[in-house]
Amino acid sequence: MAPVNKEQLVQSAEKNVARGKLDLAIKEYERVLEESPRDASTLNRIGDLWLRLNKVEEAKRVFARTAFVYIEDGFLVKAIAMYKKIIKCDPTGIDAYERLADLYHRQGLVNEARTQYQVLADYHQKHGNSTAAAAMLERLVELEPDSPGHRARLAELYQLMGAVDRSLAERRAIADLLLERKHEDEAVKVLMTAFALRPDDLEFVADTVQSLRARGYVGPGARFLAQVCERNPAAQELVIRRLGGAALAPSGPAPAAPAPARPMPVVEPPPPAAAEAAVRFAEGAPALATDAWVFPAPPVASIAAPL
């Protein structure tokens, strides 16, 4: 077989395009690809011609192949452009949205990636696919790990899926974020929602109080334990036993001149608002208005047009 003259084939293909003979032009471009299968420009041109012939599936297939070449060569922005073309061809194609979200993420385009992940999570939840929705929210948490809102939505979805351990882990992570930002009361509220998932899991309570005390969060630890004990009085005994009788005492080196021995302080009852929020959660009632930001109801969005 005689070698392919790429320049002549391209010239002939363009003449056929000008004459409206798009099928012939596609065949000539495909001959170019036989010699240069990674020629992204030629692939893109073929996709455009299929689109002009209203062959949407063929166009999508070629655009996806073009995007793959760009990704392998490290041209993520060009790959993003290809997936946008695919979405324009077929606004209901979920796979293209997911690949586009991943490319935005890899390119560091946080706002764009966030929007895509949120829309995809909404779509999958609306269509009853909790596993796929959770996958999108997990990617959202990877994108912005310091966002309590993303973790809250993921924790709620894990709870609905019956993945209690994962829900507990996310709620503890949210509480840690809030404590770092000095929002101690809100952190205690979140920990109480975690406790409500397993009110008989006293090991979780003991571990949480011990962790808070070790990191210097004595006040939040005391308030959390007080609220827990309202629902399960056995919790305080376990925590005190675990910590050697110092459940709520500050950790750290002993002072130079120890103070006279005093009885263990009585833990004050939790603030009414915090107690009310915990009770409402435990009873399955809607959260208080002040708590709504912690676990907001997810918006419902549909994928119907390119973003």
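Is Leu51 buried, partly exposed or exposed? I should like to open with that residue and then widen the view. Please bear in mind throughout that this is a predicted model.

Leu51 is located in helix α3, which covers residues 40-52. With a relative accessibility of 31%, Leu51 counts as partly exposed, because that class lies between under 20% for buried and over 50% for exposed. Setting aside the neighbours within four places in sequence, the contacts of Leu51 are with Ala59, Phe63 and Cys89. The last of these partners is 38 residues away along the chain, yet the C-alpha atoms of Leu51 and Cys89 are separated by 8.1 Å. Cys89 itself is buried, at a relative accessible area of 18%.

Let me turn to the chain as a whole. The protein chain has 307 residues, and 43% of them count as buried. Its secondary structure consists of 15 helices and zero strands. Among the contacts with a separation of 6 or more, 55% are between residues 24 or more positions apart. The accessible surface comes to about 16400 Å², and carbon and sulfur atoms contribute 54% of that area.

Since I have mentioned a cysteine, a word on disulfides. Such a bond is a covalent link between the sulfur atoms of two cysteines. How many disulfides does a search of the whole structure find? The search returns zero. Another cysteine, Cys229, is buried, with a relative accessible area of 15%.

I now move to the packing of helices, and I have chosen two pairs. The first pair is α8, residues 130-143, and α9, residues 148-161, whose axes come within 9 Å and cross at roughly 155 degrees. That angle makes α8 roughly antiparallel to α9, because angles over 145 degrees fall in that class. The crossing of α8 and α9 is left-handed. On the α8 side, the residues that meet α9 include Ala133, Ala134, Leu137 and Val141. On the α9 side, the residues facing them include Arg153, Leu154, Leu157 and Tyr158.

The second pair is α12, residues 202-214, and α13, residues 218-231. Here the axes come within 8 Å, and the crossing angle is roughly 160 degrees. Helix α12 is therefore roughly antiparallel to α13. The handedness of the crossing of α12 and α13 is left-handed. From α12, the contact is made by Phe204, Val205, Thr208, Val209 and Leu212. From α13, the contributors are Val218, Pro220, Gly221, Phe224, Leu225 and Val228.

Two residues tie this region to the preceding part of the chain. Pro199 sits in the loop between α11, residues 184-197, and α12. It is partly exposed, with a relative accessible area of 38%. Pro199 and Val228 are 29 residues apart in sequence, and their C-alpha atoms are 8.3 Å apart in space. Arg231, in helix α13, is also partly exposed, at 27% relative accessibility. The C-alpha atoms of Arg231 and Ala196 are separated by 9.5 Å, although the two residues are 35 residues apart along the chain.

What of the histidine in helix α6? That helix covers residues 94-107 and holds His105. At 18% relative accessibility, His105 counts as buried. Leaving aside neighbours within four places in sequence, its contacts are with Ala113, Tyr117, Arg139, Glu142 and Leu143. Arg139, Glu142 and Leu143 fall within the residue range 130-143 given earlier for α8.

Finally, I draw your attention to backbone geometry. Most residues other than glycine have a negative phi. Which value does phi take in Asn54? It is near 65 degrees, a positive value in a residue other than glycine. Asn54 is found in the loop between α3 and α4, the latter being residues 56-72. With a relative accessible area of 66%, Asn54 is exposed. Lys182 also has a positive phi, near 70 degrees. Lys182 lies in the loop between α10, residues 164-180, and α11. Its relative accessible area is 68%, and Lys182 is therefore classed as exposed, the cut-off being over 50%.

To close, I return to the opening residue: Leu51 is partly exposed, and among its contacts is Cys89, which is buried.

Notes
Residues are numbered from 1 along each chain as its sequence is written. This is a predicted model: local features need pLDDT of at least 70, side-chain atom pairs count only at pLDDT 80 or more; totals for chains, interfaces and linings use all residues. Side-chain values use heavy atoms; hydrogens and water are left out. Helices (H or I, at least four residues) and strands (E, at least two) are DSSP runs, numbered from the N terminus. Buried means under 20% relative accessible area, exposed over 50%, partly exposed in between (1.4 Å probe, protein chains only). Contact means heavy atoms within 4.5 Å. Accessible areas come from the Shrake-Rupley method with a 1.4 Å probe; for residues, only the protein chains shown count as cover. A disulfide is a pair of cysteine sulfur atoms within 2.5 Å. Axes are lines fitted to C-alpha atoms, for helices over the stretch in contact, and angles run from 0 to 180 degrees between N-to-C directions. Angles under 35 degrees count as roughly parallel, over 145 as roughly antiparallel, 65 to 115 as roughly perpendicular and the rest as oblique. A crossing is left-handed if the near helix is turned anticlockwise from the far one by less than a right angle, and right-handed if clockwise.
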